[in-house]
Amino acid sequence: MAEDKVVITIGRQYGSGGRDVGKLLAEAMEVPCYDDELLAEASKRSGLCEELFKNHDEKPTSSFLYSLVMDTYSTGYSSAAFSDMPINHKVFLAQFNTIKKLAEEGSCVIVGRCADYALADNPNAIHVFLHADLQKRIVRIAKRRSLTDAKAKDVILKEDKKRASYYNYYTSKKWGDAAGYHLCLDTGVLGIAGTVHMIREFAMYKGKGSDWTTRCCEKCGTVCPPDATFCKKCGAEL
Ligand SMILES: [Zn+2]
(Lines give C-alpha, C1' and ligand atoms only; values in the text may rest on other atoms or scores of the structure.)
Protein backbone atom coordinates (compact mmCIF):
# COMPACT_ATOMS: atom_id res chain seq x y z
CA MET A 1 0.00 0.00 0.00
CA ALA A 2 3.04 2.25 0.37
CA GLU A 3 2.71 3.60 -3.15
CA ASP A 4 -0.88 4.65 -2.44
CA LYS A 5 0.15 6.86 0.44
CA VAL A 6 -0.89 10.49 0.08
CA VAL A 7 0.27 13.23 2.41
CA ILE A 8 -1.21 16.66 1.86
CA THR A 9 0.38 19.67 3.50
CA ILE A 10 -1.58 22.89 3.70
CA GLY A 11 0.05 26.29 4.10
CA ARG A 12 -2.51 29.03 4.51
CA GLN A 13 -3.12 32.71 4.95
CA TYR A 14 -4.89 33.52 8.19
CA GLY A 15 -8.65 33.47 7.69
CA SER A 16 -8.50 31.56 4.41
CA GLY A 17 -10.19 28.51 5.94
CA GLY A 18 -7.12 26.27 5.91
CA ARG A 19 -8.12 24.48 9.07
CA ASP A 20 -11.64 23.73 7.80
CA VAL A 21 -10.29 22.61 4.43
CA GLY A 22 -7.80 20.33 6.18
CA LYS A 23 -10.47 18.75 8.38
CA LEU A 24 -12.95 18.23 5.53
CA LEU A 25 -10.28 16.93 3.18
CA ALA A 26 -9.05 14.46 5.79
CA GLU A 27 -12.63 13.35 6.43
CA ALA A 28 -13.24 12.81 2.71
CA MET A 29 -9.97 10.87 2.35
CA GLU A 30 -10.60 9.00 5.60
CA VAL A 31 -7.18 9.88 6.96
CA PRO A 32 -6.07 11.82 10.05
CA CYS A 33 -5.70 15.61 10.03
CA TYR A 34 -2.89 17.11 12.10
CA ASP A 35 -3.21 20.69 13.21
CA ASP A 36 -3.15 21.52 16.91
CA GLU A 37 -3.13 17.79 17.45
CA LEU A 38 0.33 17.82 15.99
CA LEU A 39 1.59 19.83 18.93
CA ALA A 40 0.49 17.20 21.37
CA GLU A 41 1.91 14.46 19.19
CA ALA A 42 5.25 16.24 18.85
CA SER A 43 5.56 16.87 22.54
CA LYS A 44 4.68 13.28 23.35
CA ARG A 45 7.37 11.97 21.07
CA SER A 46 10.10 14.38 22.09
CA GLY A 47 9.39 14.27 25.81
CA LEU A 48 9.03 18.06 25.95
CA CYS A 49 6.16 19.62 27.84
CA GLU A 50 3.11 20.36 25.71
CA GLU A 51 2.76 23.82 27.21
CA LEU A 52 6.11 24.80 25.72
CA PHE A 53 4.83 23.88 22.29
CA LYS A 54 1.80 26.07 22.65
CA ASN A 55 3.86 29.00 23.83
CA HIS A 56 6.43 28.69 21.10
CA ASP A 57 4.16 27.60 18.32
CA GLU A 58 4.99 29.33 15.05
CA LYS A 59 6.77 32.15 16.80
CA PRO A 60 9.96 33.16 15.04
CA THR A 61 13.13 34.30 16.75
CA SER A 62 16.01 36.27 15.36
CA SER A 63 18.88 34.06 16.46
CA PHE A 64 18.27 30.87 14.59
CA LEU A 65 21.32 28.84 13.65
CA TYR A 66 20.02 26.81 10.79
CA SER A 67 23.06 24.59 10.35
CA LEU A 68 23.19 23.76 14.04
CA VAL A 69 19.59 22.65 14.08
CA MET A 70 19.90 20.64 10.90
CA ASP A 71 23.04 19.05 12.26
CA THR A 72 21.19 18.13 15.42
CA TYR A 73 18.35 16.75 13.38
CA SER A 74 20.69 14.25 11.81
CA THR A 75 22.53 13.37 15.00
CA GLY A 76 19.49 13.13 17.28
CA TYR A 77 18.10 14.70 20.42
CA SER A 78 20.73 13.26 22.68
CA SER A 79 23.57 15.33 21.26
CA ALA A 80 25.17 18.12 23.26
CA ALA A 81 24.09 20.62 20.62
CA PHE A 82 20.48 19.74 21.31
CA SER A 83 20.67 20.23 25.07
CA ASP A 84 22.19 23.68 24.58
CA MET A 85 19.65 24.69 21.98
CA PRO A 86 17.05 27.38 22.74
CA ILE A 87 13.63 25.91 23.46
CA ASN A 88 11.95 27.37 20.37
CA HIS A 89 14.47 25.58 18.18
CA LYS A 90 13.84 22.36 20.03
CA VAL A 91 10.15 22.81 19.44
CA PHE A 92 10.69 23.40 15.74
CA LEU A 93 12.96 20.41 15.53
CA ALA A 94 10.55 18.13 17.37
CA GLN A 95 7.72 19.16 15.06
CA PHE A 96 9.92 18.75 11.99
CA ASN A 97 10.80 15.25 13.14
CA THR A 98 7.21 14.39 14.04
CA ILE A 99 5.91 15.53 10.66
CA LYS A 100 8.41 13.28 8.90
CA LYS A 101 7.41 10.32 11.06
CA LEU A 102 3.67 10.87 10.64
CA ALA A 103 4.13 11.03 6.88
CA GLU A 104 6.02 7.74 6.95
CA GLU A 105 3.28 6.08 8.99
CA GLY A 106 0.44 6.69 6.56
CA SER A 107 -1.70 9.05 4.53
CA CYS A 108 -2.66 12.24 6.33
CA VAL A 109 -3.34 15.95 6.04
CA ILE A 110 -1.02 18.36 7.86
CA VAL A 111 -2.00 22.00 8.29
CA GLY A 112 0.72 24.64 8.76
CA ARG A 113 3.96 24.30 10.72
CA CYS A 114 6.27 24.21 7.70
CA ALA A 115 5.12 20.66 6.91
CA ASP A 116 5.90 21.20 3.23
CA TYR A 117 9.49 21.92 4.17
CA ALA A 118 9.79 18.89 6.42
CA LEU A 119 8.41 16.75 3.58
CA ALA A 120 10.21 18.44 0.70
CA ASP A 121 11.78 15.13 -0.36
CA ASN A 122 8.73 12.95 0.30
CA PRO A 123 7.43 11.67 -3.06
CA ASN A 124 3.96 11.05 -1.59
CA ALA A 125 3.50 14.65 -0.50
CA ILE A 126 1.36 17.26 -2.18
CA HIS A 127 2.03 20.78 -1.00
CA VAL A 128 -0.91 23.17 -1.09
CA PHE A 129 -1.11 26.85 -0.25
CA LEU A 130 -4.47 28.48 0.42
CA HIS A 131 -5.15 32.18 0.16
CA ALA A 132 -8.13 34.45 -0.17
CA ASP A 133 -8.98 38.07 -0.77
CA LEU A 134 -8.33 40.15 2.36
CA GLN A 135 -11.89 41.47 2.47
CA LYS A 136 -13.30 37.96 2.48
CA ARG A 137 -10.94 36.91 5.22
CA ILE A 138 -11.96 39.94 7.27
CA VAL A 139 -15.61 38.90 7.05
CA ARG A 140 -14.74 35.37 8.09
CA ILE A 141 -12.54 36.30 11.03
CA ALA A 142 -14.81 39.12 12.24
CA LYS A 143 -17.67 36.66 12.41
CA ARG A 144 -15.74 33.79 13.93
CA ARG A 145 -14.06 35.86 16.61
CA SER A 146 -16.80 38.48 17.08
CA LEU A 147 -14.53 41.36 16.07
CA THR A 148 -15.09 44.63 14.24
CA ASP A 149 -13.86 44.62 10.65
CA ALA A 150 -11.00 46.94 11.56
CA LYS A 151 -9.88 44.70 14.41
CA ALA A 152 -10.22 41.58 12.28
CA LYS A 153 -8.03 43.14 9.61
CA ASP A 154 -5.44 43.98 12.22
CA VAL A 155 -5.42 40.41 13.54
CA ILE A 156 -5.16 38.96 10.04
CA LEU A 157 -2.23 41.13 8.99
CA LYS A 158 -0.37 40.40 12.20
CA GLU A 159 -1.00 36.66 12.01
CA ASP A 160 0.10 36.49 8.37
CA LYS A 161 3.24 38.40 9.19
CA LYS A 162 3.97 35.98 12.02
CA ARG A 163 3.42 32.93 9.82
CA ALA A 164 5.53 34.36 7.03
CA SER A 165 8.45 35.25 9.26
CA TYR A 166 8.31 31.87 11.03
CA TYR A 167 8.27 30.06 7.71
CA ASN A 168 10.91 32.18 6.01
CA TYR A 169 13.14 32.00 9.04
CA TYR A 170 13.07 28.25 9.51
CA THR A 171 12.87 27.08 5.93
CA SER A 172 14.99 29.43 3.81
CA LYS A 173 12.00 29.46 1.43
CA LYS A 174 9.39 32.16 0.90
CA TRP A 175 5.97 31.68 2.49
CA GLY A 176 3.15 31.79 -0.06
CA ASP A 177 5.48 31.89 -3.07
CA ALA A 178 3.59 29.84 -5.69
CA ALA A 179 6.72 28.13 -7.01
CA GLY A 180 7.28 26.55 -3.61
CA TYR A 181 3.98 24.61 -3.70
CA HIS A 182 2.33 22.12 -6.04
CA LEU A 183 -1.02 23.84 -5.85
CA CYS A 184 -2.13 27.32 -4.80
CA LEU A 185 -5.87 27.90 -4.45
CA ASP A 186 -8.09 30.90 -3.73
CA THR A 187 -10.56 29.69 -1.11
CA GLY A 188 -12.48 32.95 -1.40
CA VAL A 189 -13.34 32.00 -4.99
CA LEU A 190 -13.73 28.24 -4.55
CA GLY A 191 -15.29 28.09 -1.10
CA ILE A 192 -14.30 25.41 1.39
CA ALA A 193 -16.01 22.48 -0.34
CA GLY A 194 -14.76 23.55 -3.77
CA THR A 195 -11.22 23.80 -2.45
CA VAL A 196 -11.42 20.30 -0.96
CA HIS A 197 -12.70 19.01 -4.28
CA MET A 198 -9.86 20.66 -6.23
CA ILE A 199 -7.20 19.22 -3.95
CA ARG A 200 -8.69 15.74 -4.32
CA GLU A 201 -8.75 16.12 -8.11
CA PHE A 202 -5.12 17.19 -8.02
CA ALA A 203 -4.21 14.14 -5.92
CA MET A 204 -5.97 11.90 -8.44
CA TYR A 205 -3.94 13.25 -11.34
CA LYS A 206 -0.65 13.30 -9.48
CA GLY A 207 1.85 10.83 -10.85
CA LYS A 208 -0.14 10.42 -14.04
CA GLY A 209 1.82 13.14 -15.78
CA SER A 210 3.44 10.77 -18.27
CA ASP A 211 2.61 13.23 -21.05
CA TRP A 212 5.07 15.64 -19.51
CA THR A 213 7.41 14.87 -22.37
CA THR A 214 4.89 15.35 -25.19
CA ARG A 215 6.30 17.02 -28.26
CA CYS A 216 4.89 19.31 -30.86
CA CYS A 217 5.33 18.09 -34.44
CA GLU A 218 7.70 20.57 -36.07
CA LYS A 219 5.86 20.31 -39.34
CA CYS A 220 2.20 20.72 -38.37
CA GLY A 221 2.33 21.65 -34.69
CA THR A 222 0.24 18.71 -33.45
CA VAL A 223 0.97 17.60 -29.89
CA CYS A 224 2.05 13.95 -29.98
CA PRO A 225 2.38 11.33 -27.19
CA PRO A 226 5.82 10.85 -25.60
CA ASP A 227 6.38 7.40 -27.13
CA ALA A 228 5.33 8.37 -30.69
CA THR A 229 7.91 8.11 -33.47
CA PHE A 230 5.76 9.71 -36.15
CA CYS A 231 3.30 12.61 -35.94
CA LYS A 232 -0.22 11.26 -35.38
CA LYS A 233 -1.65 13.82 -37.79
CA CYS A 234 0.73 14.39 -40.69
CA GLY A 235 2.97 11.32 -40.27
CA ALA A 236 6.18 13.32 -40.21
CA GLU A 237 9.09 11.81 -38.27
CA LEU A 238 9.38 13.30 -34.79
ZN1 LIG B 1 2.67 16.73 -37.87
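**Strand S3 and its surroundings**

Within S3, Val109 serves as the bridge partner of Cys33. The model is a predicted one, in which local features need pLDDT of at least 70 and side-chain atom pairs count only at pLDDT 80 or more, whereas totals for chains, interfaces and linings use all residues. Residue numbers start from 1 along each chain as its sequence is written.

The chain contains 10 helices and seven strands, where helices (H or I, at least four residues) and strands (E, at least two) are DSSP runs numbered from the N terminus. Five of these strands form an open sheet with parallel pairing in the order S2-S3-S1-S4-S5, two strands being paired if DSSP finds at least two bridges between them. S2 and strand S5 (183-186) are the edge strands, each pairing on one side only.

The bridge between Cys33 and Val109 belongs to the parallel pairing of strand S2 (residues 33-34) with S3, which extends over two bridges. Strand S1 (residues 7-12) also runs parallel to S3 and is joined to S3 by four bridges; along this pairing Val7 stands opposite Cys108, and Thr9 has Ile110 as its bridge partner.

In a regular strand the side chains alternate between the two faces of the sheet. In S3 (residues 108-111), Cys108 and Ile110 lie on one side and Val109 and Val111 on the other, and all four are buried, so both faces of the strand are covered. Here a residue is buried if 20 or more other C-beta atoms, placed from the backbone, lie within 10 Å of its own, exposed if 12 or fewer do, and partly exposed in between. By this criterion 32% of the 238 residues of the chain count as buried.

What covers this strand? Helix H1 (residues 18-29) lies across S1, S2, S3 and strand S4 (125-131), running at about 175° to S3, and helix H6 (residues 87-105) lies across S1, S2, S3 and S4 at about 160° to S3. These angles, from 0 to 180 degrees, are taken between the N-to-C directions of axes fitted to C-alpha atoms, for helices over the stretch in contact.

The largest nonpolar core, a set of buried Ala, Val, Leu, Ile, Met, Phe, Trp, Tyr and Cys residues joined through C-beta atoms within 7 Å, has 37 residues, of which Ile8, Ile99, Cys108, Val109, Ile110 and Val128 touch the most other members. Helix H6 contributes the largest share of this core, eight residues. Cys108, leaving aside neighbours within four places in sequence, is in contact with Val7, Val31, Pro32, Cys33, Tyr34, Leu102 and Ala103, contact meaning that the C-beta atoms, placed from the backbone, lie within 7 Å.

Two aspartates illustrate pairings across long stretches of sequence. Asp160, in helix H9 (residues 149-171), counts as buried because 20 C-beta neighbours lie inside 10 Å; Asp160 touches Gln13 and Tyr14, not counting residues up to four places away in sequence, and the C-alpha atoms of Asp160 and Gln13 are 6.0 Å apart although the two residues are separated by 147 residues in sequence. Asp20, which lies in helix H1, is partly exposed because 18 other C-beta atoms are within 10 Å, and its C-alpha atom is 9.4 Å from that of Val196, 176 residues apart in sequence. Over the chain, residues 24 or more positions apart account for 60% of the contacts with a separation of 6 or more.

Technical notes. Contact = placed C-beta atoms within 7 Å.
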